[in-house]
Amino acid sequence: QQYIGLRDKLPTILSYKQTKPRAINICDDEHETARKLLAEHGTDARTWIVEYFLPSLSVSSTISFHSYLNDWGTDPCLNNTFS
């Protein structure tokens, strides 16, 4: 908070616990629409970070940081990185 100059205290983030009796496999065909939407949001977020946030930010490895961001717009189920 102090590092980025916030006056107000950030809220505490509680850990998430899965309480539903079954989890989903996001790579199932029935979730393709959701994956496309998430990939679009990831692409938009990546673009905003690179264009507006990154120029004022110092990262230890720009190459690694960009490679991580590049994954944000990719559906991991299409290239079998997540299943």
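Here two people chat through a predicted model of a protein chain.

Colleague: How many helices and strands does the chain have?

Modeller: Let's start with the strands: the count there is zero. So what the chain does have, going by DSSP runs, is helices. Their number is two.

Colleague: Is the chain compact or spread out?

Modeller: For 83 residues, the globule rule gives 12 Å. The radius of gyration of this chain is 17 Å, well over that value. So, set against a compact globule, the chain is more spread out.

Colleague: What share of the residues in the chain is buried?

Modeller: To be called buried, a residue needs under 20% relative accessible area. Out of the 83 residues in the chain, the share that is buried is 13%.

Colleague: How far apart are the end C-alpha atoms of helix α1?

Modeller: Helix α1 runs over residues 32-53, so it has 22 residues. At 1.5 Å a residue, α1 should span 32 Å. The model agrees with that, because the end C-alpha atoms are apart by 30 Å.

Colleague: Where around α1 do the buried residues sit, on the same side or on opposite sides?

Modeller: The buried ones in α1 are R35, A39, G42, R46 and I49. They cover an arc of only 90° around the axis, so their place on α1 is the same side.

Colleague: Which residues are exposed on the other side of α1?

Modeller: Exposed means over 50% relative accessible area. On the other side of α1, the exposed residues are T33, D44 and Y52.

Colleague: Which helix is included in what covers the buried residues of α1?

Modeller: Cover here rests on contact, with heavy atoms within 4.5 Å. What covers the buried residues of α1 includes residues of 62-70, and that helix is α2.

Methods: Residues numbered from 1 in each chain as written. Predicted model: local features only at pLDDT ≥ 70, side-chain atom pairs only at ≥ 80, totals over all residues. Heavy atoms only, no water. Helix = DSSP H or I, 4+ residues; strand = E, 2+ residues; numbered from the N terminus. Expected span 1.5 Å × (residues − 1). Buried < 20%, exposed > 50% of the residue type's maximum accessible area, 1.4 Å probe, protein only. Arc of directions from axis to C-beta. Rg over C-alpha atoms; globule rule 2.2 N^0.38 Å.
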